[in-house]
Protein chains: 2
Amino acid sequence: MASIKDVAAAAGVSVATVSRVLNDHPSVSADARTRVMTAVAALGYRPNAVARSLRTDQTRTLGLVISDVLNPYFTELARSVEEEARALGYSVIIGNADERPDLQDHHVRTLLDRRIDGLLVSPTDGGSPLMLDAARAGTPMVFVDRWIRGVDVPVVRADGQGAVRELVAHLHRLGHRRLAIIAGPAATTTGSERVEAFRAALAEYGLALPDAYTGQGDFQADSGRRVTEGFLDLPEPPEVIFAADNLMALGALDAIRARRLRVPDDVALAAFDDIPWFPHTDPPITAIAQPTGELGRAAVRALVDRIEGRTPTSVTLPARLVVRRSCGESSLAPTRSPQSCPTQAPVQPVPTQSPVQRSTS
Amino acid sequence: MASIKDVAAAAGVSVATVSRVLNDHPSVSADARTRVMTAVAALGYRPNAVARSLRTDQTRTLGLVISDVLNPYFTELARSVEEEARALGYSVIIGNADERPDLQDHHVRTLLDRRIDGLLVSPTDGGSPLMLDAARAGTPMVFVDRWIRGVDVPVVRADGQGAVRELVAHLHRLGHRRLAIIAGPAATTTGSERVEAFRAALAEYGLALPDAYTGQGDFQADSGRRVTEGFLDLPEPPEVIFAADNLMALGALDAIRARRLRVPDDVALAAFDDIPWFPHTDPPITAIAQPTGELGRAAVRALVDRIEGRTPTSVTLPARLVVRRSCGESSLAPTRSPQSCPTQAPVQPVPTQSPVQRSTS
DNA sequence: CTGAAAGCGCTTACAG
DNA sequence: CTGAAAGCGCTTACAG
């Protein structure tokens with residue numbers, strides 16, 4: 001592969017001059033510039049990004065460590081992150097933690113070794129020493145979706161509290177009183193916050209959230225299946241199961257189907273995170289939708305601000321409830337007729353409660 | 001951040017010695033080794049992968065350019081690729097082409113600039129000059145899923161011919177005669193091969209595939225929606241719509257739902273690629289499943305073989321039909337009762353036709 | 001077993 | 001405007 005030396009030789013200039021035209025440095029004669037451009041084209045020369053990074057101490061690369069690539073929520077997040085990063089002149093390297101702290105650390109370490117300019121993380125756990133050290137050592141970092149308390153790192157996330165209250169109101173209106181939740185790992189913020197929001201909303205209706213109705217999942221499908229089986233084995237099974245993410249809802253559906261039970265007649269089901277398939281499941285699933293694309297973009301902007309010396313801003317955007325049929329027929333709805341549910345614009349009967357919130361971390 | 005010089009100074013040895021212990025070179029005294037290890041631990045030193053890559057001319061990194069991250073098929077492929085690569089000591093950088101040739105080229109270029117050791121590609125088009133040049137220039141490369149004719153690059157893919165024949169047999173048995181397909185871009189192999197397999201299978205039953213029943217999609221949901229609307233507007237709409245991938249099937253479902261039509265009563269639907277949601281849609285969707293994980297692993301093995309000087313092998317694995325209810329009730333099935341459809345092991349009434357096939361490219 | 005030195009492919013003050 | 005030279009952080013023959 002041609003190097004800068006080859007180009008310099010072909011153009012009859014020094015490597016310094018080649019470097020200058022490649023980097024659009026102003027002080028280069030028009031003549032030198034054209035000769036270099038010609039040589040570059042003739043040789044099909046492409047600068048070695050590795051060498052450039054070593055010299056400039058910047059890689060123009062962002063690391064993104066997500067909890068699970070098989071989760072459509074994170075996949076959509078990753079897509080918007082890459083898009084925004086590209087618009088700002090950065091590449092992104094994705095690491096998939098698969099909800100495993102050890103794998104998460106593996107990726108953080110690898111990314112750090114590659115000297116990425118900044119790190120976007122959705123932590124799988126309460127914070128590994130590695131990540132905390134990196135943050136303290138001054139690695140530009142931003143948390144997306146999930147975060148870790150007590151670390152001075154900006155957070156970009158959705159607030160689901162309002163939407164969870166609306167969900168509980170919806171369920172209560174439909175006559176449901178025995179509500180259960182499949183929670184995510186307590187060590188993650190989304191794992192604990194969603195349970196707490198649910199518990200608080202139930203309390204407003206004088207309803208308790210007994211331990212038997214609080215199943216411990218890990219955000220993956222299998223755990224949703226397992227926890228649901230436990231719920232259904234109870235002497236008094238819940239009337240509603242609220243899965244704290246879409247994959248556990250998938251697992252719950254599997255378990256319910258396996259017992260030949262019907263949703264919502266035998267058990268109602270709702271999920272956190274909306275995905276394109278939810279309007280099409282049998283029945284369509286009521287879900288809490290996050291502004292995923294906007295979160296990804298805001299996270300990149302915050303990280304790039306941090307990298308380029310500006311002050312990064314934490315961002316919290318509201319999630320919203322999308323009512324479908326999996327919790328029962330709303331008395332407001334006319335009759336049980338097939339609904340039109342285009343993927344891009346899900347039905348949204350309940351208005352978004354609060355405007356975009358921005359707060360400085 | 002500490003460099004190798006700092007470690008050498010702290011340990012009282014030369015940087016050469018530090019490098020040797022870091023790389024497990026045999027000729028280092030036990031004493032020197034322990035002093036270096038101690039210094040490394042004390043400083044929290046981590047070798048700079050950028051510098052190492054520049055010096056050794058290898059990055060231990062594979063590039064993976066996939067057609068669309070939002071497509072669960074590619075997401076599963078990416079996961080298995082990363083897993084196998086990690087097992088073999090490589091990292092992988094994913095580039096998402098979003099079915100756009102220009103974006104694909106952007107990622108190939110970026111990856112090449114970073115001097116990845118090898119490239120795994122599922123081409124979005126018939127082959128950009130950039131990619132063809134890279135292949136000719138000797139960049140280690142392997143095609144996964146989709147490929148390009150006339151280039152000497154190993155291919156790892158699934159053969160769907162047998163499964164498509166089984167699908168058509170299934171449809172014919174159910175009494176369907178007007179069958180339509182939503183095809184992918186003709187410039188991609190999977191875009192054209194699936195149509196041809198479908199056409200050939202229809203011919204065996206004396207059925208034609210008229211132009212009006214051949215819709216041009218781009219493997220993304222919107223195109224499935226658009227093409228389906230066209231089909232439904234026909235004076236004589238098809239009885240079955242076969243979507244050449246899962247996202248176009250999602251779009252088709254949207255379009256069908258929007259018209260308040262029912263699957264399979266008004267139109268039957270089948271898809272290429274099986275995904276965890278298909279058992280749960282309304283109705284569960286009949287699909288052709290690829291051995292995705294195995295494809296990803298085989299592709300990595302082929303690429304690493306190529307990189308490390310061994311002879312890479314092309315691999316073709318059979319796809320298989322998974323019958324569900326979206327094409328109508330099979331006369332074999334007892335009654336319309338809810339089925340048990342665990343995500344992990346979809347119902348597979350039709351036996352896999354051929355054993356694993358391996359052929360050298 | 002160990003160190004001094006060269007060199008990977010760039011960028012960038014420094015002189016001219 | 002241009003080039004010679006230093007240096008980014010490593011690895012690896014080469015000598016000893």
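**Reading the DNA contacts and buried residues**

Author: Let's start at the DNA: in this predicted model, Tyr45(A) places a polar side-chain atom 2.7 Å from a phosphate oxygen of DNA strand C.

Reader: What makes the approach of Tyr45(A) to DNA strand C a polar contact?

Author: A polar contact needs N or O atoms within 3.5 Å. The separation for Tyr45(A) is 2.7 Å, so the pair qualifies. Arg52(A) passes the test as well, with an N or O atom of its side chain 2.7 Å from a phosphate oxygen of DNA strand C. Arg55(A) addresses a base instead: one of its polar side-chain atoms lies 2.2 Å from a base oxygen of DNA strand C. As for elements giving two or more residues to the surface near this strand, chain A supplies helix H1 (4–11), helix H2 (15–22) and helix H4 (49–56), and chain B supplies helix H2 (15–22) and helix H4 (49–56).

Reader: Which element gives the largest share of the surface near DNA strand C?

Author: H4(A) does, with 5 residues. In total, 26 residues surround the strand, and the closest are Ser19(A), Tyr45(A), Arg55(A), Thr17(B) and Arg20(B). By type, the surface holds 11 nonpolar, 9 polar and 6 charged residues. On the DNA side, sugar or phosphate accounts for 60% of the strand's atoms within 4 Å of the protein, and bases for the rest.

Reader: And the other strand: which residues come nearest to DNA strand D?

Author: They are Thr17(A), Arg20(A), Ser29(A), Ser19(B) and Arg55(B), out of 25 residues around DNA strand D. Of the strand's atoms that come within 4 Å of the protein, 61% belong to sugar and phosphate. The surface near DNA strand D comprises 10 nonpolar, 9 polar and 6 charged residues, and H4(B) gives the largest share of it, 4 residues.

Reader: Why does Ala51(B) count as having a polar contact with a base nitrogen of DNA strand D?

Author: One of its polar backbone atoms is 3.4 Å from that base nitrogen. The limit is 3.5 Å, so the pair counts. Arg55(A) also reaches a base nitrogen of DNA strand D, with a side-chain N or O atom at 3.1 Å. Ile4(B) meets the backbone of the strand's DNA through a polar backbone atom of its own, 2.7 Å from a phosphate oxygen. Here the elements with two or more residues on the surface are H2 and H4 of chain A, plus helix H1 (4–11), H2 and H4 of chain B.

Reader: Moving into the protein, why is Thr61(A) called buried?

Author: Buried means under 20% relative accessible area, and Thr61(A) has 1%, so it is buried. Thr61(A) sits in strand S1 (residues 61–66) of chain A. Leaving out residues up to four places away in sequence, it touches Tyr90(A), Ser91(A), Ile93(A), Ile116(A), Asp117(A), Gly118(A) and Arg114(B).

Reader: What makes the pairing of Thr61(A) with Arg114(B) a polar contact?

Author: Their side chains are joined at 2.3 Å, and the cut-off is 3.5 Å, so the distance falls inside it. The side chain of Thr61(A) also reaches the backbone oxygen of Thr59(A), at 2.9 Å.

Reader: Which residues lie nearest the centre of the second largest pocket?

Author: Val50(A), Thr59(A), Arg114(A), Val50(B) and Arg114(B) do, among 47 lining residues. Two or more residues of the lining come from each of H4, strand S2 (91–96) and helix H6 (101–113) in chain A, and from H4, strand S2 (91–96) and helix H6 (101–113) in chain B. The lining divides into 13 nonpolar, 20 polar and 14 charged residues, and the pocket holds about 1,300 Å³ of space.

Reader: How do you know that His170(A) counts as buried?

Author: Its relative accessibility is 3%, so His170(A) falls under the 20% cut-off. It belongs to helix H8 (residues 161–173) of chain A. Beyond its neighbours within four places in sequence, His170(A) is in contact with Thr286(A), Leu321(A), Val323(A) and Cys327(A).

Reader: Why does Val227(A) count as buried?

Author: Its relative accessibility is 8%, so Val227(A) is also under the 20% cut-off. Val227(A) is part of helix H10 (residues 221–233) of chain A. Setting aside neighbours within four places in sequence, its contacts are Ile182(A), Gly215(A), Gln216(A) and Gly217(A). Tyr213(A), 14 residues apart from Val227(A) in sequence, is 9.6 Å from it, C-alpha to C-alpha.

Terms used. Residues are numbered from 1 along each chain as its sequence is written. Chains are lettered from A and ligands numbered from 1 in the order in which they are written. This is a predicted model: local features need pLDDT of at least 70, side-chain atom pairs count only at pLDDT 80 or more; totals for chains, interfaces and linings use all residues. Side-chain values use heavy atoms; hydrogens and water are left out. A residue is near a molecule or strand if one of its heavy atoms lies within 4 Å of it. A polar contact is a pair of N or O atoms within 3.5 Å; within protein, one must be able to donate a hydrogen and the other to accept it, and residues adjacent in sequence count only if both atoms are side-chain atoms. Ala, Val, Leu, Ile, Met, Phe, Trp, Tyr, Cys and Pro count as nonpolar, Asp, Glu, Lys and Arg as charged, and the others, Gly among them, as polar. Buried means under 20% relative accessible area, exposed over 50%, partly exposed in between (1.4 Å probe, protein chains only). Contact means heavy atoms within 4.5 Å. On a 1 Å grid over the protein atoms alone, a cavity is a set of points where a 1.4 Å probe fits but cannot get out, and a pocket is an open set with protein on both sides within 12 Å along at least five of seven lines; lining residues have an atom within 4 Å of a point. Grid points are joined across faces, edges and corners, and a volume is the space filled by probe spheres set on the points.
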